[in-house]
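Trainee: I should be grateful for a close look at one residue in the interior of this model and at the elements around that residue. Please proceed from there to other parts of the chain.

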Amino acid sequence: MKKLASLGLGLLLTAGMTAAQADEVRIGMITTLSGGGSHLGVDVRDGFMLAMERSGRDDVRVLIQDDANRPDLARSLSNEFMQRDNVDILTGIIFSNLAMAVVPAAVRQGVFYISPNAGPSDLAGRMCHENYFNAAYQNDNLHGAMGAYMREQGFERPIILAPNYPAGTDALAGFKHLYEGEVVDEIYTQMGQTDYAAEIAQIRASNADSLFFFLPGGMGISFMKQWENSGVELPVFGAAFSFDETIIKAVGSAAIGAMNTSLWAYDLDNEANHAFVEAFRDTYDRMPTLYAAQGYDTANLILSALDKAHPSDQDAFREALREADFASVRGEFRFGPNHHPIQDIYVREVVEGEDGQPTNRLIGIAVEDIQDVYHTQCQM
């Protein structure tokens, strides 16, 4: 099995082995590689570096640091990248509270930030910036698409749950926006919570006909295991953040039958996706998640812009990013006026795979050409 180099904190990875050149492009990746949610950052990193490796370029240097899911550390690392390493581009942040700690100051200092994951509403709306692009989604998108899907499927009394941080509040706002009906209740949990007995009791006592939840990483694993043991029998819906391939294998049989929305699926039928899935499995000996797909697309977006301009020519490079002239693994991809994607959101079902383990199977499209509602607040 071929492995790309990965060593840990303070790691320096290079796409190519040539000495630094005057026109070398430096990319600083700040992502979560330890602690809660670390598999998200690992997959973003691995997808990103796979695209860099496959590009064959020798003029791009990627410096990678672990933010340990700490906003203060992420802010410190961004300052180091900008002031000591003179990076042209920042990327990598997983969690929205970390993005809010880093992105506004970074883009004001003339650095481009290309998000492979976090898409808080403020950065899509009132705090949008010409140097900020999101190659993944706006936080509401997947949740809103599930709201629309559940409405179409006839669910009339959903109860909804998420952690109390920017992506969590965006998640439930997004769900309600496209569900367009009344929800039984909204439940907010703590970030990093592991015991959900009180929340499950609240759901049991409600008259809900369905559950929608957003609990990324280890939070989702803990919740689903406790949900299975609770005996509560409600159909379960969510976004892919709670049902990626890593999470559902850790959850086991409790995940079977759950429906989730995603901007990507490993069984999407397009040439770019086939090549990505095959290369990722060959390189890392595991199935990619949507985070790996987002990392891969983020790198290819950057590479497509570098084919046309150097980041030092900011106007030209910005325009090249806006063009999004690359083959996305998710299919058709374009940016809206606030530099967030306009894209299809898919529905997947967790089923038992050929190996007896849970896996996601593509069902269809939940919403075509979804666009966030915050673009009208963006003055750019």
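Mentor: M146 lies in helix α5, residues 141–152. Helices (H or I, at least four residues) and strands (E, at least two) are DSSP runs, numbered from the N terminus. The model is a predicted one, in which local features need pLDDT of at least 70 and side-chain atom pairs count only at pLDDT 80 or more, while totals for chains, interfaces and linings use all residues. Residues are numbered from 1 along each chain as its sequence is written, and side-chain values use heavy atoms, with hydrogens and water left out.

M146 counts as buried because its relative accessibility is 0%; buried means under 20% relative accessible area, exposed over 50%, and partly exposed in between (1.4 Å probe, protein chains only). Leaving aside neighbours within four places in sequence, M146 is in contact (heavy atoms within 4.5 Å) with F175, F212, F237, G238, M259, N260 and T261. The C-alpha atoms of M146 and I256 are separated by 17 Å, and these residues are 110 apart along the chain.

Three of the names in that contact list, M259, N260 and T261, lead to strand β11, residues 259–262. Both faces of β11 are covered: M259 and T261 are buried on one side, and N260 and S262 are buried on the other. Strand β10, residues 236–239, runs parallel to β11 and is joined to β11 by three bridges; two strands pair if DSSP finds at least two bridges between them. F237 has M259 of β11 as its bridge partner, and both F237 and M259 are contacts of M146.

A second pair of strands is β13 and β14, which run antiparallel and are joined by nine bridges. R348, for instance, has L362 of β14 as its bridge partner. The two strands form a hairpin with five residues between them, and G356 in the turn has a positive phi of about 85 degrees. This glycine belongs to the loop between β13 (341–352) and β14 (358–370), and G356 is partly exposed because its relative accessible area is 37%. The C-alpha atoms of G356 and G252 are separated by 9.7 Å, with their positions 104 residues apart along the chain.

Most residues other than glycine have a negative phi. D369, in strand β14, nevertheless has a positive phi near 50 degrees, and D369 is partly exposed at 40% relative accessibility. N69 is also not a glycine and has a positive phi of about 60 degrees. N69 lies in the loop between β3 (60–66) and α2 (71–83) and, at 23% relative accessibility, counts as partly exposed.

Finally, consider a packed pair of helices. The axes of α1 (residues 38–55) and α10 (residues 271–284) come within 11 Å and cross at roughly 105 degrees. That makes α1 roughly perpendicular to α10, a term for angles of 65 to 115 degrees, whereas angles under 35 count as roughly parallel, over 145 as roughly antiparallel and the rest as oblique. Axes are lines fitted to C-alpha atoms, for helices over the stretch in contact, and angles run from 0 to 180 degrees between N-to-C directions. On α1 the contact is made by D43, D46, G47, M49, L50 and R54, and on α10 by A275, F276, A279, F280, T283 and Y284.
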